[in-house]
Every structure is written in C-alpha cells, then in structure tokens.
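Biologist: Please take one residue and give me a close look at its surroundings. Then work outward to other parts of the chain, keeping local geometry and packing in view.

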Amino acid sequence: MGKTLAYKILEDHLIEGNLTAGEEITIKMDQTLTQDSTGTMVYLQLEAMEVDRVKTELSVAYIDHNTLQTGFENADDHEFIKSVAKRHGVLFSKPGNGICHQLHLENYGKPGKTLLGSDSHTPTGGGLGMIAIGAGGLDVAVAMAKGTYSLTAPKVVKVELKGSLQPWASAKDVILYVLKCLTVKGGVGKIIEYTGEGVKSLSVTDRATITNMGAELGATTSVFPSDENTREYLRSQGREADYTPLAADPDAVYDEELIVDLDQLTPLAAMPHSPDNVDSIANIGQIKVDQVAIGSCTNSSYTDLMKVAAILKGRKVHPDVSLVISPGSSKILAKMAENGALADIINAGARIIENACGPCIGMGQSPKSGAVSLRTFNRNFKGRSGTLDADVYLVSPETAAISAVKGVLTDGMESRESLPDIKMTDFTPNDNFVVYPKGFDKSNTDVVMGPNIKPFPRNTALPDSISTKVVLHAGDNITTDDIMPSDSRLLPYRSNIPHLSNYCFEKIDSGFSERCKAAGSCTIVGGDNYGQGSSREHAALAPLYLGVKFVMAKSFARIHRSNLINSGILPLVFENPADYDDLELGDELIIENAPKQVKQEVIEVKNLTKDKTYNMLPNFSDLEINMIQKGGKINAIKEG
C-alpha cells in the first residue's frame, strides 16, 4: 500500500504515537512563525516557560497585523516581541517587510519541512510541499521551547486536479470551488492533498493561494507535491538549494476523494457572509460595486499583482469605486516599482497601502455603510471588514481588477478581453527588514514591556464540582471574530486581556461580558462548528478571564477546541444534538466529580433549573485530560 505525501512527511517527523488517523501523535517541528496580533501572547508564554533559546531549526516573528500606529500600544507590542525574539534566537521581521505567509514562502519555506504558526493561514506553506499547520499561540510557544507538536493524526483527502485553467479562471476559483463542495467544516480532522495532471499547470503562488484558503475548510492543513515548478519558484528567490522533489506514491490510499476539472472552472465568488457561500459570477450577476480590495496572504503575490497591473494599465478605476491594493512583501513592491507595474496601478487610480494584512484583518479601509466590497481575501464574515452592514464578496485578483474598472461585478470570461500570461521573475535577496538575533542570550537582553501589556490569564486545577450559569446561547458557525472581535479599535489591546474581555461577543450579544461578571462561573452553549476562523487564542483567553468553565456545542473547530483545552476550559459535544434546544440563558448547570468524569467516554452535565441531565462527549486524549485536570497547558508543563 502506497503512502500519501502528507503521511510521508509526518512519518519522517514522527516522535511518538502511531501514525494512524484518529491516533494522537507527536511530531518534530522544524520551523515556527508568529505574527504580532497573536505574537505578544506567544512570547509572554515562552517567557513563562523559562527556556534559554528555541529548539527549532528556524523561528520567525513577523510584524504584519497591527501596523496602524495611532497610539503607543502597537509600537510597544512590536518592541516587546523584538526584545524577546533576540533573547531566544528568533528572527524578527520589521513592520513594512510584508505579510508573514508571503514572506515565509519567499524566504524560509522548504519542501518536506514542518511549520507551526500562530495564524490559521500558516498552511500557505503547503504550496511548497510543507506540512504547515496553524495553531493557537501557546502551542507555538511550546513548539519553540521543545521543538515538538502533538496532534490527532488526520485523515487525508485527495483532491485530483484534471486539465488546466482557462483564461480568467484562477487558483482562487479552485479553492472557492472546493469550499463549495466540502463546506467550511468539511476539512475538520483532515489534510487536503492535491494531486493529478492539473497540478503541473499551477505555479507555487497559485498553489499557495489554494493551501492558504484551505484553512476555511477547517482542515489541519493542505499540501501540494514539490516538483519542477517548486524548483523554479525557489530558484527565482535565490534558494534553489532548498529544493527537494516530493510526491505521493502512485498507489497511495486516501480516505476521501474529490475530482476538480480545471478546464470547466469559471470565475466564482463567495457571497456574504461565508467563504463557502459560493456561486459563479455569471449567476450572481452584475451587482454594483463600491469598494475593491486586493491583497492579503491569499492573493498578494507578484504574479497576482502583475495580472492586476496588466488589467489596469492605460485604464481608469470606475468613478464610484475605491480600489485599494496591499502588496504581500517589500520585495514584490520594489520589483513592481522597478518594472513600471506600480506606476500602471497608481495611474489607474488605485490606492497603495503598506505591505501588511491591513483591511483583511479589519485594520483600516472599512467600506461605507451598506457597501458592496469585493476582496481577494480569505474571509467575509459579517462585520470583519469593520462595517457591520457591508456585503463582502471574495473573488480572484483578475475578477477584482476588471470589476474595479467596470464598476460592477464582472466575469472576465464574458468580457472576452485578453489576459496576459504572467511569468515569475527573479528577485534580489534583501534582508534589510530582518533583525537577526546575533550574540543573543537572556543575560544580555532585557524584555521591553509597555504599560498596555498585561499578564495572560491562568486557570487553576480542575475542581471536584463545576457549578455555572448559561450566559450565552449561540447558533451555528460562530467565528473567533464573533467571540473576540478583530478591528482597528480592538487590535491594539491584544496584549491586554482584561480590557479586551469587555468586548467579548459584543457583535452577538452586547450584554455577554456583564452577565459573565455577574455570574462568576459561566457556560457557553453553541451550535455546529463553534469557533471557526482565526487561530487567535484570545477567543479562549477572554472567556477564561470572564469565568467560562466549559462550552457545550454540537461540534468544534479544530484550533479553537485546542485553545480552549490549552486554557483549561472544557469543550463538550452534545451526544444528543436535540439537547442544544433545551438549554436557555440563566440555566444553572453542574458537573460533579469533574476530575473523574473527564476520563470517561461521557460526561454528565446536570441542569438544576430544569431537573435534566445531558450526556456530553469529551473525546479527550490522555494529554488533553492531563492539561484539563491541571488547569491548562502551561500548568501541565510547569508541573511536569
């Protein structure tokens, strides 16, 4: 029986456990990355573990989220991260260098390596043939401290690509089609592995777009083979020596399969307010557009932006459209300045903003009230743009550019315009934005901590009995944006959980935090796919600070479930989903003999208000039981 590419890489890095789907394994982590939105907590946690230097081959701290410096808070966070990075041997990428995933693809990603990142879109590295996984900040801190990561071995889904893309259809349309087929929870507990003849027609940046947005499937990661296209990309970045050919065995066996005929794909869009709400642009129709935003870690590559420049050259952005573009890296922006493409974009009437996440994370460029905004980003959750009543559509760079000119959502295939074939170019290596930790050690480097940086909340050991009140009854597909909003108003307080907790669930229920404070000990009830979206552990840390002891849901998103456990909060799944409807705000609940029950297959939660008992499924591994009993991952590590 042949092996999948995913399992070949995992096997090569296996430290503990049986590499069988559903079994808990521990693997060696070669690389880690952090970004500043989640990074401050990561480095506070790394300091708490009292290690001297990181155990990985490479760790990089990127600054790309909180780059809008309207007060001291963001700049203080950056200085803190830089100081801790120097103490522990971590590279520091300064603000302005670019977006973490694009930069890692360009400079550090290597076929066959493992990468763990405190950002849910870390699977971008799968475009280079890596096993690249997004995780909560504490998991990344532990990976830096120990060089390992534990997870449940995923199933592997084969996505066979046939044919090749037609003009105006793009890699973005490939992943939108996969999302339409599999949905935002279709990848939970799975790795998506791309194979087939169509793989050869996709560049590494095309592949990175697909693996990046595979995070919206809820997948552990996505991966492409490493082939001659991989070699060519690495050569263009001056890194051909990092190339290694990798592929699945011809007779590899997969758990599921999906066939995508690239020849038949047409331009698609994800409609409000979910990445899997996908239809063809031809079916959606020519709706009027108010804003177009091009960039993000999904679509800010050199080839993406050169296509945009070619479409805009000699033309004018529609008078009713605001077009904003954020390049993915300083190297890309410099190259476009050299070859004239930047002038073509600016002359068309586009706004160029910093090489950063920017509008994708809600950091500026919020559209007007009731606007239609086309974005080449990866998420269109309600309110994520910063404007609660905006309708955000996710599209390819080609669709975004032609629509910005026409003023309406436009199918480039129907326009019958020609589209140039953009080739990768050679880049001159430039590390002027990178601070190397030369001559570092803890004795000669102080931690620089501003007044907005507060200690992260720590849980206590699991008590014998847990008594709570239901403080929220939420629906399906609750996102981490719903739990802990992310915008220019709140992002500067990512280092200050006490302040941030006041805004927990504010877009869902503005009274949530006050109810928690009044109750003291709380339970959240959720539907399917609770906690989808970002890897931000603030969506667990803020509820922890507010007294949340356990969450009852029909199902959980992978990263958020791990973040809850890392914080000592119990994620419990309804054995009978109908029990979800029985619970109401204010119901008094109790788990008796909690330390014993977390070891069992079923946990009984008693509703004292209604005199009922609900059977909940913990599905905890031995490692997770240990963390929960001790009150979270940090406690478990320190106690040994």
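**A close look at N607**

Modeller: N607 lies in strand 26, which covers residues 603-607. Keep in mind that this is a predicted model. How exposed or buried is N607? N607 has a relative accessible area of 1%. The cut-off for buried is under 20%, so N607 counts as buried.

Next, the polar partners. The side chain of N607 makes a polar contact of 3.0 Å with the side chain of D587. The side chain of Y614 also joins that of N607, again through a polar contact of 3.0 Å. What else touches N607, once neighbours within four places in sequence are set aside? The contacts are L583, D587, E588, L589, K612 and Y614. D587 and Y614 therefore appear twice in this picture: in the contact list of the buried N607, and as its side-chain polar partners.

Follow the chain onward from strand 26. D611 sits in the loop that leads to strand 27, residues 612-617. Its backbone stands out. Most residues other than glycine have a negative phi. D611 is not a glycine, yet its phi is positive, at about 55 degrees. Its relative accessibility is 72%, so D611 counts as exposed. By contrast, N607 is buried.

A similar case follows strand 27. N619 is in the loop between strand 27 and helix 21, the latter being residues 622-630. N619 is not a glycine either, and its phi is positive at about 55 degrees. N619 has 55% relative accessibility and so counts as exposed.

Another backbone feature is a peptide bond. Most peptide bonds are trans. The one from P272 to H273 is cis, with omega near 0 degrees. H273 belongs to the loop between strand 13 (268-270) and strand 14 (278-280).

Continue to helix 9, residues 281-284. A282 is in this helix. A282 has a relative accessible area of 41%, so it is partly exposed. Beyond four places in sequence, A282 is in contact with D411 and E414. In contrast, the C-alpha atoms of A282 and G22 are separated by 41 Å, with their positions 260 residues apart along the chain. G285 is found in the loop from helix 9 to strand 15 (291-294). At a relative accessible area of 23%, G285 is partly exposed. The C-alpha atoms of G285 and V408 are 8.8 Å apart, although the two residues are 123 residues apart along the chain.

Now helix packing. Two packed helices are described by the angle between their axes and the distance between the axes. Take helix 11 (residues 330-339) and helix 12 (residues 341-348). Their axes come within 5 Å and cross at roughly 85 degrees. Helix 11 is therefore roughly perpendicular to helix 12. Helix 11 brings L333, M336, A337 and N339 to this contact, and helix 12 brings A341, L342 and I345. By class, those residues are 6 nonpolar, 1 polar and no charged. Just after helix 11 comes G340, with a positive phi of about 90 degrees.

Which residues of helix 11 are buried? They are S330, K331, I332, K335 and M336. M336 thus links the two lists: it is buried and it takes part in the contact with helix 12. The buried residues of helix 11 pack against helix 4 (100-107), helix 10 (302-312) and helix 12.

Last, a second helix pair. Helix 2 (residues 36-48) and helix 3 (residues 72-88) have axes 10 Å apart and pack at an angle of about 45 degrees. Helix 2 and helix 3 are therefore oblique to each other. The crossing of helix 2 past helix 3 is left-handed. On the helix 2 side, the contact uses D36, G39, T40, Y43, L44, L46 and E47. They meet D77, H78, F80, I81, V84, R87 and H88 of helix 3. This contact divides into 6 nonpolar, 4 polar and 4 charged residues. The contact of helix 11 with helix 12, in turn, has no charged residues.

Definitions and conventions: Residues are numbered from 1 along each chain as its sequence is written. This is a predicted model: local features need pLDDT of at least 70, side-chain atom pairs count only at pLDDT 80 or more; totals for chains, interfaces and linings use all residues. Side-chain values use heavy atoms; hydrogens and water are left out. Helices (H or I, at least four residues) and strands (E, at least two) are DSSP runs, numbered from the N terminus. Buried means under 20% relative accessible area, exposed over 50%, partly exposed in between (1.4 Å probe, protein chains only). A polar contact is a pair of N or O atoms within 3.5 Å; within protein, one must be able to donate a hydrogen and the other to accept it, and residues adjacent in sequence count only if both atoms are side-chain atoms. Contact means heavy atoms within 4.5 Å. Axes are lines fitted to C-alpha atoms, for helices over the stretch in contact, and angles run from 0 to 180 degrees between N-to-C directions. Angles under 35 degrees count as roughly parallel, over 145 as roughly antiparallel, 65 to 115 as roughly perpendicular and the rest as oblique. A crossing is left-handed if the near helix is turned anticlockwise from the far one by less than a right angle, and right-handed if clockwise. Ala, Val, Leu, Ile, Met, Phe, Trp, Tyr, Cys and Pro count as nonpolar, Asp, Glu, Lys and Arg as charged, and the others, Gly among them, as polar.
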